[in-house]
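Please walk me through this structure in the viewer, one selection at a time. Tell me what to select at each stop and what is there.

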Amino acid sequence: MNEVTSLDGLTEIFSQQKSTFGKAPYLPYAERITSLQNLKSLLLDNQQAFIDVINQDFGHRSPDDTIMGDILSSVMAINYTLKRLKKWMKPQKKQVSVLFQPAKAEVLYQPLGVVGIIVPWNYPLFLALGPLTAALAAGNCAMLKMSEYTPNTSKLLADLMAKYFSKDHVAIVTGEADMAVAFAKLPFNHLFFTGSSAVGKLVMKSAADNLVPVTLELGGKSPAIIDNNIDIKMAVSRFIMGKTLNSGQTCVAPDYIFCPEQKVDELVGVLSNTYRNMFPTITDNNDCSSIINDTHYLRLRSLLDDAESKGAKIIPLLKEDSDNKQRKMPLTL
């Protein structure tokens, strides 16, 4: 079992990984390739199992959303890395000033040590294994703190990881917010976080105490911009999938549209027709994913209610009420 479930276990496995890395601080190319191939096998050999557990965590998650957003994207990242790793590991020669010749200079790319990865809930597989792919390719050990919102996915990943990796090489950390706080305070050699800006500030603050370098992949606001010349049908065809994939629970899903005023009515009509063709219904629709939990569902409902109370015109693109029980709601303007 590669799962870490307690605060004591957290510090213990961190120490073990530090020790493991110290014994082999520069893994050869062949071992890194083996790790990446094992990670790819873990994914491809257990696709249906991952589809099932992510579906359980969401209440309902479209199989296509999981295949495209989590499995395919992860495999593509691994394949990309496998193809380029040998080149990435090669020392790079650098020019030497005439004052220092005949000396030679080159850059040697070296592993960092133990990498911490904090994983969000919206793509619980890809946003775990994408950063892990990079960490393993670079020859590091890694600890992944999974989201408390996806316990079934976390459990399966921990069970499967044990078949391919030792715990002192790759460990899966589960648990609630207290585990996440403790995780961010560990003196990693690098910390990778995907999530909101608010939480990202807290993660960076915790890492700063140990001078841990941090990579923050933060959510933001993503506009779609329509000019006077583009065909509205073409514009909608280009962003509608990005907005509806995973029911909009994607960091780069378009949040709002800038559109010339004289084209707004046409935009609304094309959006409505396109969406209804994609989702004739949302109730009991296998292609429509649920909002991850009640808290997030109610937050979205409250945003619509707040906008309407302040005079906004609310336009559901499907003449069907939100399904509170399944936590599904139609795309709404």
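How many bridges join strand β5 to strand β6? There are four: select residues 141–145 for β5 and residues 170–173 for β6, and the two strands run parallel. Keep in mind throughout that this is a predicted model.

**Stop 1: β5 and β6**

With both strands shown, pick Met-143, which stands opposite Ala-171 in β6. Then pick Lys-145; the residue opposite Lys-145 in β6 is Val-173. To see how the chain gets from one strand to the other, add helix α6, residues 151–164. Together, β5, α6 and β6 make a right-handed β-α-β unit.

Now show the side chains of β6. Val-170 and Ile-172 lie on one side of the strand, and Ala-171 and Val-173 on the other. These residues are all buried, and both faces of β6 are covered.

**Stop 2: β1**

Next select residues 3–4, which are strand β1. β1 runs parallel to β6, and two bridges join them. Glu-3 is the residue to pick here: Ile-172 in β6 stands opposite Glu-3.

**Stop 3: the whole sheet**

Colour the six strands of the sheet in the order β1-β6-β5-β4-β7-β8. The sheet is open, and its pairing is parallel. β1 and β8 are the edge strands, each pairing on one side only.

**Stop 4: β4, β7 and β8**

Move along the sheet and select residues 114–118 for β4 and residues 190–195 for β7. This pair is parallel and holds four bridges. Within it, Gly-116 stands opposite Leu-191 in β7.

Keep β7 and add β8, residues 214–218. These two strands also pair in the parallel sense, over five bridges. Leu-191 can stay selected, as it stands opposite Val-214 in β8. Between β7 and β8 the chain passes through helix α8, residues 197–208, in a right-handed β-α-β crossover.

**Stop 5: a cis peptide bond**

Leave the sheet and select Gln-101 and Pro-102. The peptide bond that joins them is cis, with omega at about 15°. Pro-102 sits in the loop between β2 (92–94) and β3 (105–107). For background, most peptide bonds are trans.

**Stop 6: two positive phi values**

Most residues other than glycine have a negative phi. The next two selections depart from that pattern.

Select Asp-284 in the loop between α10 (264–278) and α11 (294–309). Asp-284 is not a glycine, yet its phi is positive, at about 55°. Is Asp-284 buried or exposed? Asp-284 counts as exposed because its relative accessibility is 66%, and the cut-off for exposed is over 50%.

Then go to Arg-327, in the segment after α11. Arg-327 is not a glycine either, and its phi is near 55°, a positive value. Is Arg-327 buried or exposed? Its relative accessibility is 14%, and buried means under 20%, so Arg-327 counts as buried.

**Stop 7: Ser-62**

Select Ser-62, in the loop between α3 (47–58) and α4 (63–89). With a relative accessible area of 1%, Ser-62 is buried. Which residues does Ser-62 touch, not counting those up to four places away in sequence? Show Asn-286, Asp-287, Cys-288 and Ser-289: Ser-62 touches each of these.

**Stop 8: the full view**

Finally, show the whole protein again. Its secondary structure comes to 11 helices and 10 strands. The C-alpha trace spans about 70 × 55 × 40 Å along its principal axes.

Switch on the surface. The accessible surface comes to about 17400 Å², and carbon and sulfur atoms account for 56% of it. Of the 333 residues, 44% count as buried.

If you draw contacts, consider those between residues at least 6 apart in sequence: 76% of them join residues at least 24 apart. Last, colour by charge. The protein has 34 positive and 33 negative side chains, and the centres of the two sets are 9 Å apart.

Notes: Residues numbered from 1 in each chain as written. Predicted model: local features only at pLDDT ≥ 70, side-chain atom pairs only at ≥ 80, totals over all residues. Heavy atoms only, no water. Pairing = 2+ DSSP bridges. Right-handed = clockwise from strand over helix to strand, strands pointing away. Buried < 20%, exposed > 50% of the residue type's maximum accessible area, 1.4 Å probe, protein only. Contact = heavy atoms within 4.5 Å. Areas by Shrake-Rupley, 256 points an atom, 1.4 Å probe, with all protein chains shown as cover. Lys, Arg positive; Asp, Glu negative; His and termini not counted. Charge placed at Lys NZ, Arg CZ, Asp CG, Glu CD.
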